[in-house]
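Please find below a short note for a colleague who is meeting this structure for the first time. It should be read alongside the sequence and the coordinates.

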Amino acid sequence: MKRGWLDRIFGGVVLIGIGTIFLLQQMNIVNISIGSIISTYWPLILVYMGFKNLVTSHDEKGSFLGGFIMIAVGGYFQSRALGWIGVSPGDFFRSLIPAVLIICGVYVILKPRRVKRSKHMEHPIKPDVFPPNPSELPETPTESTLDQQFEEKFGISFADEKKEQAQEAKDRHRRESEAEEHRRYSRYEDTKGFDSREKVNKSTFIGDVHMGRDYFELKPTNVSQFIGDTVIDLTNAQIPYGKTKINISAFIGDIKVYVPDDMDLGVKVNSSSFIGDMSVLSESRSGFISSIQSSTPYFREAQKKVIINVSAFIGDIKVTKVG
């Protein structure tokens, strides 16, 4: 079964179905909204793509594991849209990830070994013309007449003089490079600002991250998680003057950031989420593929600035002012 044949069947069925619905509406037989159908049955597209990958998994372009994941995700959202199940997206994906890991492990164990075919080496082609023997090559003088004249006049060989000149040019180039590197480093030290401070990096595969239970000094921070919740409380933080960046990313999990309600503190938030609700300062979003860019009043005039970049694939994002 070829991939193109499946695409033609699927496309033909979709066009026939849409045409039939329009025809029945024109004849006042049914009253069905196309928008409601698309919003309810869109997960069937994922199921179809997964089924197509399963059918063509014997081909190099096919992917059995990808087909299984697409069918599982599409079936979940379709069942949720029809009201058959009430499992939350977070619980579903927390169960899906271990299942995918188990399938990968079984596939690695049961994967058939491919037998490599031995390639026969072709007979080397013998050249018609062979290079001459070293004894047949004409003898060349080891030192030219010009070198002899230079040595008789200055008391040093011409080859040694060339080596000294090359070494002097190399040393001069090295000194110039070191001086230029020192100048560039000095300019960087004067202009790099808050990026010169020590950074805090935290990453976990499965688990929660909580920062701010105790009093601490805020530094540029990077937090990345695969599965788990992230909580950062800046009300107990000593925030330095200037700009401080906080980057938070999670695949599955909720992200909560609490910032103090301080007139001297400016906060700017850039957030994005594929599936989940977002509540950032005074703005809110929900649904699929949402993003918010928000900042506190007088952010540019504030002496202390915190820039928060938050991204989550599945999960809720909440940035709230406290105080």
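The points below take up confidence, a surface patch and two loop residues.

1. Confidence. The model is predicted. Its chain has an average pLDDT of 76, and 72% of the residues reach at least 70. Residues 118-122 fall below 50 in pLDDT, and this stretch makes zero contacts in the model beyond near neighbours in sequence. Residues 188-194 also have a pLDDT below 50, with three contacts beyond near neighbours in sequence. Predicted coordinates should not be read in detail where pLDDT is low.

2. Nonpolar surface patch. Tyr-41, Leu-44, Leu-82, Trp-84, Ile-85 and Val-87 form a nonpolar patch of about 560 Å² on the surface. One of these residues, Leu-82, is placed in the loop that runs between α4 (64-81) and α5 (89-110). Leu-82 is classed as partly exposed because its relative accessibility is 31%, and partly exposed lies between the limits of 20% and 50%.

3. Backbone at Leu-281. Most residues other than glycine have a negative phi. Leu-281, although not a glycine, has a positive phi of about 55 degrees. This residue sits in the loop between β10 (278-280) and β11 (283-285). With a relative accessibility of 23%, Leu-281 is therefore counted as partly exposed.

4. Backbone at Tyr-298. A positive phi, of about 60 degrees, is also found at Tyr-298, which is not a glycine. The loop between β12 (288-295) and β13 (304-314) holds Tyr-298. Is this residue, Tyr-298, buried or exposed? Tyr-298 counts as exposed because its relative accessibility is 65%, and the cut-off for exposed is over 50%.

Terms used
Residues are numbered from 1 along each chain as its sequence is written. This is a predicted model: local features need pLDDT of at least 70, side-chain atom pairs count only at pLDDT 80 or more; totals for chains, interfaces and linings use all residues. Side-chain values use heavy atoms; hydrogens and water are left out. Patches are made of residues with over 30% relative accessible area and no salt bridge: like charges are joined within 9 Å, nonpolar side chains (Val, Leu, Ile, Met, Phe, Trp, Tyr) within 5 Å. Accessible areas come from the Shrake-Rupley method with a 1.4 Å probe; for residues, only the protein chains shown count as cover. A salt bridge is a side-chain nitrogen of Lys or Arg within 4 Å of a carboxyl oxygen of Asp or Glu. Helices (H or I, at least four residues) and strands (E, at least two) are DSSP runs, numbered from the N terminus. Buried means under 20% relative accessible area, exposed over 50%, partly exposed in between (1.4 Å probe, protein chains only). pLDDT is the predictor's confidence in each residue, from 0 to 100. Contact means heavy atoms within 4.5 Å.
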